[in-house]
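Subject: Structure for you to look at

Hi,

Here is the structure I promised to pass on. My notes follow below it.

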Amino acid sequence: MPTYIVIIGAPGAGKGTQAQMISRELKLPHISSGDIFRENLKNDTELGKLAKSYMDRGELVPDDVTISMIRERLTRSDCVAGAVLDGFPRTPSQAEALKQMLIDFHGQVNVVPYIMVAEEVLIERLTGRWTCRAQGHVYHEKFNPPKIAGICDLDGSELYQRDDDKAETVINRIRVYLEQTAPLIQYYRREGSLQEVDGTQSIDEVKANLMKAIRAKEL
Ligand code: AP5
Ligand code: MG
């Protein structure tokens, strides 16, 4: 059976940072809905243009668009053994849609690590974040600086600051998260798959605890 891991947490909690590491360790593809939207934006596709109008305001892209995009991604051959999902699902109806599509793939959501970080930490994390142009690798000018400023350690590409990391957009993203995404915590707790992980420790400590939480589910 394939293994599906869904990482949830507020904007800036560390979902992308952790998902990248866990995906390497478990040899499962990392699927980030935000990264797919940004890739489309870079390639100037219709989907990218549509997504940008929502992302710039810190609002969610409509469920139907997001759900069909993820369904298409999960049917690709690199996902036969499962995937590490980051940023999807983000609403209870996306979670229901995911549940249905995984039944089609003879799988289910196996474990949902929830990275917990207090709200006041998020803004500092996001305003100091630098992201790699080529593959979305994530750095922080203070907490996880690259070896050479402005250059990705892993692929040598340029680092940039995301448009939606401006303080006023960050505040709206956190509001949207609390209203529309936080209900997923209860949803997955009821499903029995939620694993709470303290996200305020160092990146390596969070990773170790996350791997422990994932292994506790005996995938
Ligand atoms: P998305 O790209 O998913 O953004 P997000 O959820 O707001 O999350 P972030 O990527 O900002 O944070 P993260 O948790 O990944 O943190 P990171 O690891 O980078 O979505 C963007 C937009 O796309 C949405 O607003 C929406 O419009 C749209 N969208 C995406 N998915 C959608 C969906 N399913 N439905 C509808 N719309 C959707 O870490 C942050 C910083 O902190 C980094 O600098 C990092 O180095 C640092 N850091 C990480 N861990 C630590 C640590 N332990 N200690 C210190 N610093 C740390
Ligand atoms: Mg991210």
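Asp-44 sits in the loop between α2 and α3. Helices here are DSSP runs of H or I with at least four residues, strands are runs of E with at least two, and both are numbered from the N terminus. Asp-44 is exposed, at 53% relative accessible area. Buried means under 20% relative accessible area, exposed means over 50%, and partly exposed is in between, using a 1.4 Å probe and protein chains only. Phi of Asp-44 is positive, near 55°, and the residue is not a glycine.

Some ground rules. This is a predicted model, in which local features need pLDDT of at least 70 and side-chain atom pairs count only at pLDDT 80 or more, while totals for chains, interfaces and linings use all residues. Residues are numbered from 1 along each chain as its sequence is written, chains are lettered from A and ligands numbered from 1 in the order in which they are written, and side-chain values use heavy atoms, with hydrogens and water left out.

Two more backbone points. Lys-27 also has a positive phi, about 55°, and is not a glycine. Its place is the loop between α1 and β2. Lys-27 is exposed, with a relative accessible area of 70%. The peptide bond from Phe-88 to Pro-89 is cis, with omega near -5°. Pro-89 belongs to the loop between β3 and α5 (92–104). For context, most residues other than glycine have a negative phi, and most peptide bonds are trans.

Now the ligand. How many residues surround ligand 1? The shell has 36, and the closest are Thr-17, Glu-59, Arg-90, Arg-129 and Arg-173. A residue counts as near if one of its heavy atoms lies within 4 Å. By type, the shell divides into 14 nonpolar, 13 polar and nine charged residues. Nonpolar covers Ala, Val, Leu, Ile, Met, Phe, Trp, Tyr, Cys and Pro; charged covers Asp, Glu, Lys and Arg; the others, Gly among them, are polar. At least two shell residues come from each of α1 (15–26), α2 (33–42), α6 (119–127), β6 (138–140) and α9 (203–216). The largest share, four residues, is from α2.

Three polar contacts to check (pairs of N or O atoms within 3.5 Å; within protein, one must be able to donate a hydrogen and the other to accept it, and residues adjacent in sequence count only if both atoms are side-chain atoms):

- An N or O atom in the side chain of Arg-173 is 2.5 Å from an oxygen atom of ligand 1.
- A polar side-chain atom of Arg-162 is 3.1 Å from an oxygen atom of ligand 1.
- A polar backbone atom of Val-61 is 3.0 Å from a nitrogen atom of ligand 1.

Taken alone, ligand 1 exposes 1000 Å², and the protein buries 97% of that. Areas come from the Shrake-Rupley method with a 1.4 Å probe; for residues, only the protein chains shown count as cover.

Back to α2. Ser-33, Gly-34, Ile-36, Phe-37, Arg-38 and Asn-40 are buried there. Their cover includes β2 (30–32), α3 (46–55), α4 (63–74), β3 (82–86) and β7 (159–160).

Ile-70 leads into the core. Outside its neighbours within four places in sequence, Ile-70 is in contact (heavy atoms within 4.5 Å) with Ile-31, Ser-33, Ile-36, Leu-85 and Phe-88. The largest nonpolar core holds 52 residues; Ile-8, Ile-31, Ile-70, Leu-74, Leu-98 and Tyr-188 touch the most other members. Such a core is a set of buried Ala, Val, Leu, Ile, Met, Phe, Trp, Tyr and Cys residues joined through side-chain atoms within 4.5 Å.

Next, α1. Is Gln-18 buried or exposed? It counts as buried, at 3% relative accessibility. Beyond four places in sequence, Gln-18 touches Ile-115, Ile-203, Val-206, Lys-207 and Leu-210. Met-21 is in α1 too, and is buried at 17%. Met-21 is in contact with Ile-203 and Lys-207, leaving aside neighbours within four places. The C-alpha atoms of Met-21 and Asp-204 are 9.7 Å apart, with their positions 183 residues apart along the chain.

Last, Val-138 in strand β6. Its contacts, neighbours within four places aside, are Thr-17, Gln-20, Arg-129, Trp-130 and Asn-144.

Best wishes
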